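Trainee: Could you go through this model with me? I would like to know what stands behind each label we put on it.

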Amino acid sequence: MICSVTDPAQRREFARRIAGKPYFAAVLGTRCALFGPHPASGWRFYLLPGEAVLALRGGTATLCGRLPEGEAGAEAREELEGFLRFLAVERLVAEAPPDLPGWAADSPLLLRELPRGRTLPLPPAPPPELRLDLHPPMQPVSRLVFPQDRAEQEQFYSQACTALAHGFGVCRTLWAGERPVCTVGCYEQSGGEAYLSAGVTAPDWRGRGLASWLIVGLADDLAAARTVRFACAPALGPFYDRLGFAEAGALLQFTRK
């Protein structure tokens, strides 16, 4: 039976099921801790049969853990598929193949990591006219990250500000005058993992090594206390390999047929 996470005991069980799992422990753990008590946030969290959990926002669902085997598993998959269809979910991110009818595998996201206690060689510094801001205002950062989508800007702004206010991460941004031109942040953390995201460079500043310098610098600092991980599209794998990040598996993606 699918059970909505609504109280502290259920949130503790949710955290137990994702503990130690790359990406899921930091990302789902942070989001459940911050937004689980607040239904108006748009986030919804569920405990599934077996040891699985589900997180939902909009048309995307994230599934971690495995459903039961045998007849109980078949019933759980049938219930989950009907649940996702009812909620009009069109994209599913999963730890393992969910074996649900009506879904097709899409390109996976690659996980890269810098293990705790390790550092990477810092790429060349950016031009001196750029200013590094360790505590940037998040509204201009959100417009840099999502320049064409006002709804995504507002969602990112709200989530990032909440995470930063509760001590779950940091944001670093390079400015050219009054304009942010490159940013990267960490907005989700667990006890052992810091998850990097929202690494973006303005189009007219790309190709100058800004993101390389900003990402490696933040990763080196965070790796003093936690293993640093992030997900990237397969096409970007070689870029992060050159920076020295190690392979750490993949996130599976599925779309409705």
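Mentor: Gladly, and let us begin with a term: a residue is called exposed when its relative accessible area is over 50%, and buried when that area is under 20%. Keep in mind too that this is a predicted model.

Trainee: Which residues of H3 are exposed, and where do they sit?

Mentor: Glu71, Glu78 and Phe86 are exposed, on the face of H3 turned away from its buried side. The buried residues in H3 are Gly73, Ala76, Arg77, Leu80, Glu81, Phe83 and Leu84.

Trainee: What puts those buried residues on the same side of H3?

Mentor: Their arc around the axis is only 160°, which places them on the same side of H3. In general, an α-helix has 3.6 residues a turn, so residues three or four places apart point the same way. As for what they meet, the buried residues of H3 pack against S2, S3, S4, S6 and strand S12 (246-256).

Trainee: How do you know that the span of H3 agrees with its number of residues?

Mentor: H3 covers residues 70-86, which is 17 residues, and at 1.5 Å a residue they should span 24 Å. The end C-alpha atoms are 25 Å apart, so the two values agree. Just after H3 comes Ala88, with a positive phi of about 60°.

Trainee: On to the sheet, then. What makes S1 and S7 its edges?

Mentor: Look at the order first: the twelve strands run S1-S2-S3-S4-S5-S12-S6-S11-S10-S9-S8-S7 in an open sheet with mixed pairing. Strand S1 (3-4) and strand S7 (130-133) each have a single partner strand, so one side of each lacks a neighbour in the sheet.

Trainee: Why do we say that S4 and S5 pair?

Mentor: The cut-off is at least two bridges. Strand S4 (residues 60-64) and strand S5 (residues 91-94) have four, in the parallel sense, so they count as paired. One of the contacts to look up is Thr62, whose bridge partner in S5 is Val93.

Trainee: Which strands does helix H1 touch?

Mentor: Helix H1 (residues 8-18) packs on the sheet against S1, strand S2 (44-47), strand S3 (53-57) and S4, and its direction makes about 75° with that of S2.

Trainee: Why is the pair Glu13 and Arg17 called a salt bridge?

Mentor: The side-chain nitrogen must lie within 4 Å of the carboxyl oxygen. For Glu13 and Arg17 the closest N and O atoms are 2.8 Å apart, so the pair qualifies. The two are four residues apart in helix H1, and therefore about one helical turn separates them.

Trainee: Is each of them buried or partly exposed?

Mentor: Glu13 has 23% relative accessibility and so counts as partly exposed. Arg17, at 13%, is buried because its value is under 20%.

Trainee: What does the salt bridge between Glu51 and Arg16 tie together?

Mentor: The N to O distance there is 2.9 Å. Glu51 lies in the loop between S2 and S3 and Arg16 in helix H1, so the pair ties together parts 35 residues apart in sequence. Glu13, Arg16, Arg17 and Glu51 are linked in a network of salt bridges.

Trainee: What about Arg31 and Glu188?

Mentor: Their closest N and O atoms are 3.2 Å apart, and they form a salt bridge. Arg31 is in helix H2 (residues 24-35) and Glu188 in strand S9, 157 residues apart. Both Arg31 and Glu188 are buried.

How values were computed: Residues numbered from 1 in each chain as written. Predicted model: local features only at pLDDT ≥ 70, side-chain atom pairs only at ≥ 80, totals over all residues. Heavy atoms only, no water. Contact = heavy atoms within 4.5 Å. Axes fitted to C-alpha atoms, helices over the stretch in contact; angles between N-to-C directions. Expected span 1.5 Å × (residues − 1). Buried < 20%, exposed > 50% of the residue type's maximum accessible area, 1.4 Å probe, protein only. Arc of directions from axis to C-beta.
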